[in-house]
Amino acid sequence: MKTVIGTDIKKAALLLASGSVVAFPTETVYGLGANALDASAVAKIYIAKGRPSDNPLIVHIASRKDVSKLASSVPVLAKKLMDKFWPGPLTIILKKRPIVPLITTGGLDTVAIRMPSNEIALALIKAAGVPIAAPSANLSGKPSPTCAEHVIADMTGRIPMIISGGSCSIGLESTVIDMSSDVPTLLRPGQVSLEELRMVIGKVRVSSNVYGVKRKIVTVRSPGMKYKHYSPDATVVVVVGPKSKVESKIKSLLKSYSSKRISVVGFHKYDSYSSYVCKDSAEMAHVVFEKFREADSSGVDIVIVEGVSNKGIGLALMNRIKKAATEIIEL
Ligand code: TXA
Ligand code: MG
């Protein structure tokens, strides 16, 4: 299949409206979109990604009016979250209406809805005139794409069009909160933090896998969590603890692994094959998936990442890093 790479939103919207798959930028990561209400269009997303079809997708909308078309009931607290955080990196799970096909929701009776805060995404959804189901636009097993080049690397030849829209401002996938049952439950942390969610709606339960604890999952509430997540071919080592201790631990690791090609992603400059210095957690969130892709393409043996605290976006960052990690060193 020939893949057009460009910025023509009208053309992309026509493709979506006619049942094709288009990759587009959002403020979190690039999405691989199709008409959420068209089962055969959604099936093409799973094929393009090489992803199991019981993993539910997020439905992207451009207008609040669409919520009640997709969801059978919208609790007051869910409305409060929409008022505060939409458009933005928050996905809200609600009971679905029959109009949403089961292939979109991975067979669940709930639907995940999000209004992205990216002008290209919003213009595209409006022009297509339908809600757009979209997982991250990576091949299954690769990190989420945070710029058009990542999507081009994974999706060329697999879909008819990729909208190039620069680098995603956040770089980690949206926060996912389940508002379909009595107690709001955080299923995936993101830029909209747990602290902010609690400030707006009070009690929020946190799903056990958010902290990256490797325990046996008995009931899977967010099916995306049960699949092995991306980790680079390189070994990922995370070092967590007080700043000064982390710094000296990393220096001693570098000495003991001196025969290896090591890349460090942290907050200090280290004497290693490559050392990326982030100014804060937000910048690390912005670059971490890209650094993992780079490690794979440049034959790095070990990626050492400086851990951060679980505050704010730190919870999301540590969740993604721990998923990729072979070893977590806590000091
Ligand atoms: O930032 C994002 O959310 C990006 C952009 C493209 O919007 N999308 C994204 O989609 O990260 P994906 O498919 O990679 O992740 C969707 C997550 C998965 O963990 C999935 O299990 C969960 O949302 N999810 C979707 N629908 C659900 C539902 N009905 N119940 C529970 N979890 C759900
Ligand atoms: Mg994904």
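## Strand pairing and helix packing in a predicted model

Strand β12 (residues 235–240) is joined to β16 by four bridges, and the two strands run parallel. The structure described here is a predicted model. Within this pairing, Val-237 has Glu-327 in β16 as its bridge partner.

β12 and β16 belong to an open sheet of five strands, whose order is β14-β13-β15-β12-β16 and whose pairing is parallel. The edges are occupied by β14 (274–277) and β16 (327–330); each has a single partner strand, so one side of each is left without a neighbour in the sheet. From one strand to the next, the twist averages 15°. Strands of a sheet in general pair through backbone hydrogen bonds, in either the parallel or the antiparallel sense.

Two helices lie across this sheet. Helix α8 (residues 243–256) lies across β12, β13 (262–266), β15 (302–306) and β16, and runs at about 150° to β12. Helix α9 (residues 281–297) lies across β12, β13, β14 and β15, with a direction at about 175° to β15.

Helix α9 also packs against helix α10 (residues 314–324), their axes coming within 10 Å and crossing at roughly 25°. Angles under 35 degrees count as roughly parallel, and α9 is therefore roughly parallel to α10. On the α9 side, the contact is made by Ser-281, Met-284, Ala-285, Val-288, Phe-289 and Phe-292, and on the α10 side by Leu-317, Arg-320, Ile-321 and Ala-324. The crossing of these two helices is left-handed.

A second helix pair is formed by helix α1 (residues 9–17) and helix α5 (residues 119–128), whose axes come within 8 Å and cross at roughly 50°. α1 and α5 are therefore oblique to each other. Ile-9, Ala-12, Ala-13, Leu-16 and Ala-17 of α1 make the contact with Ile-120, Ala-123, Leu-124, Ala-127 and Ala-128 of α5. Here α1 passes α5 in a right-handed crossing. The two pairs are set side by side below.

| Helix pair | Axes come within | Crossing angle |
|---|---|---|
| α1 and α5 | 8 Å | roughly 50° |
| α9 and α10 | 10 Å | roughly 25° |

Elsewhere in the chain, strand β5 (residues 90–95) has five of its six residues buried, so the strand is largely enclosed by the rest of the structure. β5 pairs with strand β9 (residues 175–178) in the parallel sense over four bridges, and with strand β6 (residues 110–114) in the antiparallel sense, also over four bridges. Ile-92 of β5 takes part in both pairings: this residue stands opposite Ile-177 in β9 and opposite Ile-113 in β6.

Which residues of helix α4 (residues 76–85) are buried? They are Ala-78, Leu-81, Met-82 and Phe-85. These residues cover an arc of only 100° around the axis, which puts them on the same side of α4. An α-helix has 3.6 residues a turn, so residues three or four places apart point the same way. The face of α4 turned away from the buried side carries the exposed residues Val-76, Asp-83 and Lys-84. The buried residues of α4 pack against β5 and β9, and also against the helices α3 (67–70) and α7 (194–201). β5 and β9 are thus linked in two ways: the strands pair with each other in the parallel sense, and both are packed against by the buried residues of α4.

Key
Residues are numbered from 1 along each chain as its sequence is written. Chains are lettered from A and ligands numbered from 1 in the order in which they are written. This is a predicted model: local features need pLDDT of at least 70, side-chain atom pairs count only at pLDDT 80 or more; totals for chains, interfaces and linings use all residues. Side-chain values use heavy atoms; hydrogens and water are left out. Buried means under 20% relative accessible area, exposed over 50%, partly exposed in between (1.4 Å probe, protein chains only). Two strands pair if DSSP finds at least two bridges between them. The arc is that of the directions from the helix axis to the C-beta atoms. Contact means heavy atoms within 4.5 Å. Axes are lines fitted to C-alpha atoms, for helices over the stretch in contact, and angles run from 0 to 180 degrees between N-to-C directions. Angles under 35 degrees count as roughly parallel, over 145 as roughly antiparallel, 65 to 115 as roughly perpendicular and the rest as oblique. A crossing is left-handed if the near helix is turned anticlockwise from the far one by less than a right angle, and right-handed if clockwise.
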